[in-house]
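Here is a short tour of one structure, from helix packing to the ligand site and a loop with some unusual backbone geometry. Have the 3D view open as you read.

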Amino acid sequence: MTVTAKASDLRTEYRSFMEEHVYPREEALNREDDAAQELLAALRARAKAAGLWAPHLPPEAGGSGRGFLSYAHLNEEIGRLLWAQYVFNCQAPDAGNGEILHLFGTDEQKARWLAPLVDGDARSFFSMTEPDVSGADPTGLRTSAVLTDGDWVINGQKWFSSGAEGAAFGIVMAVTEPDSEPRRRMSQIIVPADAAGVTIEAVPILGHRGRGWTTHCEVTYTDVRVPAANLLGERGAGFLIAQKRLGPGRIHHVMRWLGQMQRAFELMCARALEREAFGGPLAEKQTVQNWIADSAAEIQACRLLTLDAAHKIDEARDARVEISLIKFYAADVLSRVIDRALQVHGALGLTDRSPLSHMYAAARGAHIYDGPDEVHRMVVSRRILQAFASGDGWGFE
Ligand SMILES: Cc1cc2nc3c(=O)[nH]c(=O)nc-3n(C[C@H](O)[C@H](O)[C@H](O)COP(=O)(O)OP(=O)(O)OC[C@H]3O[C@@H](n4cnc5c(N)ncnc54)[C@H](O)[C@@H]3O)c2cc1C
């Protein structure tokens, strides 16, 4: 799992771009106002012109990707700053939507929906979670789609459709096969955001002022009609496609969190060395030293677990347990490391003068989105116990 020279050079290129163009504008971007939107558009144009664009997708899908492992290394750089994923056009949920359109879309769907996404001319959302039933257990989702006179007619209410405000289209999970077994009841359907009967309302959440990309939206579908050809993949394959999307998507999140952890860690070390209290630098206090040592161990454990999962995905091996393991473990480490770094900064850590306040608020969602911690722990322990009971050791390599 060593980094190839090519992957290492590419990481240096992304780092240089971020140092020159993105870090100096972080405070302005954090304001999420009109000026920040314009700035982001200009940075995207510059990144695209530099060829640092859509690194999550392979060239045949229009991206510049070189496999999952290489992307893991790159994302440690991109993840250091929340806005960088938007600058390089590899942001959630567009990244995951791009991947499933590439894997399951027809040629026509790819031309109409995937191409503008990869080019950065359109944004999208993924509409699965609903306010009235558990998102952790999506077998109970209720939004329905009925094939009527050659159209899907969709009715239901979703929320937490990230980025829906200003998006061109969404991919909606809807019940199309109500009589099938729970995991074959749903399909994925592409819905233009301006279709009659679609209403989108942003719901502000902790950590985001919420503009366009960073909105989390309630989306209502009332007798929305889209052509039968907007079905993505097969009827009843919604879950299977969601798993294809969410598995690598979870690893994408963790890769970016590694960048956040590493940055918080570096801020903690720098502050501990420069700030003096009780006759010496904070770096000489045992508690702070423990935080630094524990954080270093935990970050490195996350890094190795992430690379292990990425390596298995690249080799097309089953990585379900590895993905769940790293999803809940890394969310814990992310929160702990940012919290320790913030504490070492004292009151400064809570202000907008430090990136830590923004990072702290954004990190909380990591325990919930793409499956709550408890569900991922359940997946891991179930698999281990099954393997143990059947005498297969602990069930994964
Ligand atoms: C920032 C953010 C972005 C998101 N973006 C999207 C998006 O783009 N599209 C989309 O469709 N959804 C999105 N979501 C929604 C997300 O996927 C759901 O919130 C998540 O799946 C949990 O569903 P829920 O909120 O309905 O929680 P519930 O299912 O109501 O669960 C509530 C709590 O119950 C506990 N729990 C659940 N199951 C178990 C169990 N088996 N054992 C023990 N405890 C359990 C957990 O603590 C859990 O947090 C986003 C969420 C966030 C926070």
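In this predicted model, helix H1 (residues 5-22) packs against helix H4 (residues 68-78) at an angle of about 20 degrees, and their axes are 9 Å apart. Because angles under 35 degrees count as roughly parallel, H1 and H4 are roughly parallel to each other. Their crossing is right-handed. On the H1 side, the contact is made by Ala7, Leu10, Arg11, Tyr14, Arg15 and Met18, while H4 brings in Ser70, His73, Leu74, Glu76, Glu77 and Ile78. Sorted by character, the residues of this H1 and H4 contact comprise 6 nonpolar, 2 polar and 4 charged.

Next, please turn to helix H6 (residues 94-104) and helix H8 (residues 238-274), which pack at an angle of about 140 degrees with their axes 9 Å apart. H6 and H8 are therefore oblique to each other. The crossing of this pair is right-handed. H6 takes part through Gly96, Asn97, Glu99, Ile100, Leu103 and Phe104, and H8 through Ile241, Lys244, Arg245, Pro248 and His252. That contact between H6 and H8 divides into 5 nonpolar, 3 polar and 3 charged residues.

A third pair is formed by helix H10 (residues 320-344) and helix H12 (residues 373-389), packed at an angle of about 140 degrees, again with an axis separation of 9 Å. That angle makes H10 oblique to H12. Here H10 passes H12 in a left-handed crossing. From H10, the contact draws on Arg320, Val321, Ser324, Leu325, Lys327, Phe328, Ala331 and Asp332; from H12, it draws on Asp373, His376, Arg377, Val379, Val380 and Arg383. The residues of the H10 and H12 contact split into 6 nonpolar, 2 polar and 6 charged.

Now for the ligand. Which residues come nearest to the ligand? Of the 17 residues around the ligand, these are Phe126, Thr129, Ser134, Phe160 and Ser162. The table lists polar contacts with the ligand.

| Residue | Protein atom | Ligand atom | Distance |
|---|---|---|---|
| Phe126 | backbone N or O | nitrogen | 2.8 Å |
| Ala136 | backbone N or O | oxygen | 2.9 Å |
| Ser162 | polar side-chain atom | nitrogen | 2.7 Å |

Phe126 and Ala136 thus reach the ligand through a backbone atom, whereas Ser162 does so through a polar side-chain atom.

Finally, have a look at the loop between helix H5 (84-87) and H6, where Pro93 is found. Most residues other than glycine have a negative phi, and most peptide bonds are trans. Which form does the peptide bond from Ala92 to Pro93 take, cis or trans? This bond is cis, with omega near 0 degrees. Asn89 is also found in the loop between H5 and H6. The phi of Asn89 is near 60 degrees, a positive value in a residue other than glycine.

Technical notes:
Residues numbered from 1 in each chain as written. Predicted model: local features only at pLDDT ≥ 70, side-chain atom pairs only at ≥ 80, totals over all residues. Heavy atoms only, no water. Axes fitted to C-alpha atoms, helices over the stretch in contact; angles between N-to-C directions. Helix = DSSP H or I, 4+ residues; strand = E, 2+ residues; numbered from the N terminus. Parallel < 35°, antiparallel > 145°, perpendicular 65-115°, else oblique. Left-handed = near helix turned anticlockwise from the far one by under 90°. Contact = heavy atoms within 4.5 Å. Nonpolar A, V, L, I, M, F, W, Y, C, P; charged D, E, K, R; others polar. Near = heavy atom within 4 Å. Polar contact = N/O pair within 3.5 Å; in protein donor to acceptor, adjacent residues only side chain to side chain.
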